[in-house]
Amino acid sequence: MTETQVRTHYTTLAIGKAEGLMFGRTPKPVSCGYGLELGSGMVYPEINFTLPMMMIDESTWPSVVAQYDEMGEMIGRTATRLHLRGVMIEFELLPPMTERPEWGAEITQVLDRHLKTMYENHGVAGALRVTPTDIRDATRPPPLRSGIEWETLMASFDECAKAGAHVLSIESVGGKEVNDEAMMYGDVEGVIFALGVLAPRDMEHLWTNIVSTCKRYGVVPGGDSACGFANTAMQLASQGMLPGVFAAMIRGASAVRSLVAYECGAFGPSKDCAYEGPILKAITGAPIAMEGKSASCAHFSPVGNVAAAMCDLWSNESVQNIRLLSGPAPEAFLELLTYDCRLFNAALSSGSEQTYQRMLVDSDVHHSPQALVLSPESTICIASAIVREQTPYRQTVAAGLEALRVIRDAVRDKTLPLAAKEHHWLDKTESALTALPAEEEGMMDSMIERYGHLFAPSSYGL
Amino acid sequence: MKELQELADHLINGYADRVAAVTQDLLNKGATPQTILNDGLIAGMTVVGERMRTGEMYLPEVLQSASAMHVSLKILKPHLAKDGVESRGKIMMGTVKGDMHDIGKNLVGIMLEGAGFEVIDLGLNVQPQKFVEAIQTHQPAIIGLSAMLTTTMLNMKTAIEAIAHAGLRSKVKILIGGAPVSQKFADDIGADAYARDAVKAVDKVKELIAA
């Protein structure tokens, strides 16, 4: 931590009741960019795009920049055509753009210029979220706190902040090297070690530095995402490779490592792929970005509607700049998001938001344990379990257990059908969580013996 | 032989200790290591692969079976070497230059090992020249290339060109996989096959080895 900054420990919920968890509203709105107000009564689209199939090197760089310039221009045109009141653009850097910080900064400048023009000429509020790639896992075990990757990543944040980013985020990977292995083997103890012991340590170190950069340039520290952990589990479960209940447990447990960013000074909006966002919103009161049915251009999911129930930004995750029948894919998806947002905002302004939210929730939660744990009611249960505990390890175990309890209750009440083999994993995962030691010290030796070849203790201050 | 079926059953259930005990027992009773491998272990893993394909088994259960197979193979290895029995084939794999995604590749590697293949994993962000050097060193039958990004998938082509430039293209078959790639892309860049998931990858490897 910097000398003056004290890590916050959340002991109560900013939003204590499920009825208070609503899309477009949050107790701690965030202002960013060119007049964009998040969480103060409206939902805005967050459009994200990537390159079509092409190499990124010196020879193609002018074409790469031209692609982003074209996408920026197109977003301005679409926003005006659809009378958008505001939009967030996310620029998710590709690895070469992080490895060469000046490249990421150049595109940041291009997109910032388009947002500025949009605001000045057409009155459309806008902000630019910039998300460098976590390049620290290019080698294994990943050296997370030192070396060229760390220095380059920090330089990327710095250059992008300087170049005009309004919000900084990352999908960080600390602990993932262990989580990948543990998750594939269904090792609950290993997953908890990765999510509750390793990842929070990396998050503290990483986010202390990101927040410090943000303060230096007056940029909003957005938040992190457990994408590499819980979304990997969600995808493997959707492909029938992992039990859905196991993936849902990981979702709940993963919120704790993402919360650390806020404890270190981030204040939202959270990353779109952080489906743990509602839990973060309940605890911190910060606005969140979410993605669901309108992100099927990037990946499939069992949570298409329920993911929208508490969002403040609604995202498409990512789409290639390719031509569809209607026009460029990013334009098509911005239009889709815009219509989604008009519905949210019409519901809010007409006082129908509770009804609309109920539809979003109820249409999904009876189909999948992963959707169930994202409902406002489940969110409050899991968030409450987290703030009751003192350490990230205990919070992670408590969140995982609470997610399973929510599922078990729904199965008992016959509101969630579960296949027999899922029942087996529900019991098995719950038993494994219950049998874990009370404190992380109790698992350290066995985890180092089992997974010590995968991670460098010094990367975690161990 | 009843014990071979027993071995396959324990393997399917992922009981490593029992698999080890039955393997040793079979050797003591004079069963050839090749018979134990083919009629016990590979027969069991074939059932496991099929159950995963039909959704009857989850990945952790499959991997438990694969781990049990490793335990047995450790016991069998010196006997197989003495008898001159080779693995089903040597497969080398890596995520191409610029790409840090490796969970899919790792999954394929584990599944291939479970199916009796020898796997050499070059890791992620593998430079084309590293593939070339590793082919020269390890002489694999097949190389698996993985990519997850639209901006790294073309590095599969670069890797294949480097392999061809080194005069090694006719010595290895090339299999590709990853979210943005397809059979058409495999055809376009001169790969021999494409697999959309880990189960299919094992099938493709078997086909390529048999061809």
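Here is a walk through a predicted model with two chains, A and B, taking each chain and then the places where parts meet. Residues are numbered from 1 along each chain as its sequence is written, while chains are lettered from A and ligands numbered from 1 in the order in which they are written. As the model is predicted, local features need pLDDT of at least 70 and side-chain atom pairs count only at pLDDT 80 or more, whereas totals for chains, interfaces and linings use all residues.

Let's start with chain A. Its secondary structure comes to 16 helices and nine strands; helices (H or I, at least four residues) and strands (E, at least two) are DSSP runs, numbered from the N terminus. The C-alpha trace of chain A spans about 60 × 55 × 45 Å along its principal axes. Chain A has a radius of gyration of 21 Å, which agrees with the value near 23 Å for a compact globule of 462 residues. That radius is taken over C-alpha atoms, and the globule rule is 2.2 Å times the number of residues to the power 0.38. Of the 462 residues, 61% count as buried. Here, a residue is buried if 20 or more other C-beta atoms lie within 10 Å of its own, exposed if 12 or fewer, and partly exposed in between, with C-beta atoms placed from the backbone. Contacts reach along the chain, too: among those in chain A with a separation of 6 or more, residues 24 or more positions apart account for 74%. Two residues are in contact if their C-beta atoms, placed from the backbone, lie within 7 Å.

Now zoom in on one strand of chain A, β4(A), residues 86-92. Seven of its seven residues are buried, so β4(A) is largely enclosed by the rest of the structure. In a regular strand the side chains alternate between the two faces of the sheet. In β4(A) both faces are covered: Gly86(A), Met88(A), Glu90(A) and Glu92(A) sit on one side, with Val87(A), Ile89(A) and Phe91(A) on the other. Which strands does β4(A) pair with? One is β3(A), residues 44-48, joined in the parallel sense over three bridges. Another is β5(A), residues 125-131, again parallel, over seven bridges. (Two strands pair if DSSP finds at least two bridges between them.) Glu90(A) is a handy landmark, standing opposite Arg129(A) in β5(A) and also opposite Asn48(A). To get from β3(A) to β4(A), the chain passes through helix α1(A), residues 61-81, in a right-handed β-α-β crossover. Right-handed here says that, with the strands pointing away from the viewer, the path from the first strand over the helix to the second runs clockwise.

On to chain B, which has nine helices and five strands. Its radius of gyration is 18 Å, close to the 17 Å that the globule rule gives for 211 residues, so chain B is as compact as a globular protein of that length. The C-alpha trace of chain B spans about 55 × 35 × 25 Å along its principal axes, and 49% of the 211 residues count as buried.

The five strands of chain B form an open sheet, paired in parallel, in the order β2-β1-β3-β4-β5. At the edges stand β2 (118-121) and β5 (193-194), each with a single partner strand, so one side of each is left without a neighbour in the sheet. Strands β1(B), residues 90-95, and β3(B), residues 142-146, pair over five bridges, and the bridge partner of Met92(B) in β3(B) is Ile143(B).

Chain B is assigned two domains, domain 1 (2-82) and domain 2 (90-210), with bounds that come from an automatic or database domain assignment. Their C-alpha centres lie 27 Å apart. Ten residues of domain 1 are in contact with seven residues of domain 2. On the domain 1 side, α3 (33-53) and α4 are the elements that give two or more residues.

Finally, how many residues of each chain meet at the A–B contact? The count is 24 residues of chain A with 16 residues of chain B. On chain A, α2 (95-99), α5 (176-184) and α7 (227-238) each supply at least two residues. The helix α7(A) is mostly covered, with ten of its twelve residues buried. Those buried residues pack against α5, α6 (188-217), α8 (244-263) and α12 (369-372) of chain A, together with α4 (59-82) and α5 (103-114) of chain B. Just after α7(A), Gly240(A) takes a positive phi of about 80°.
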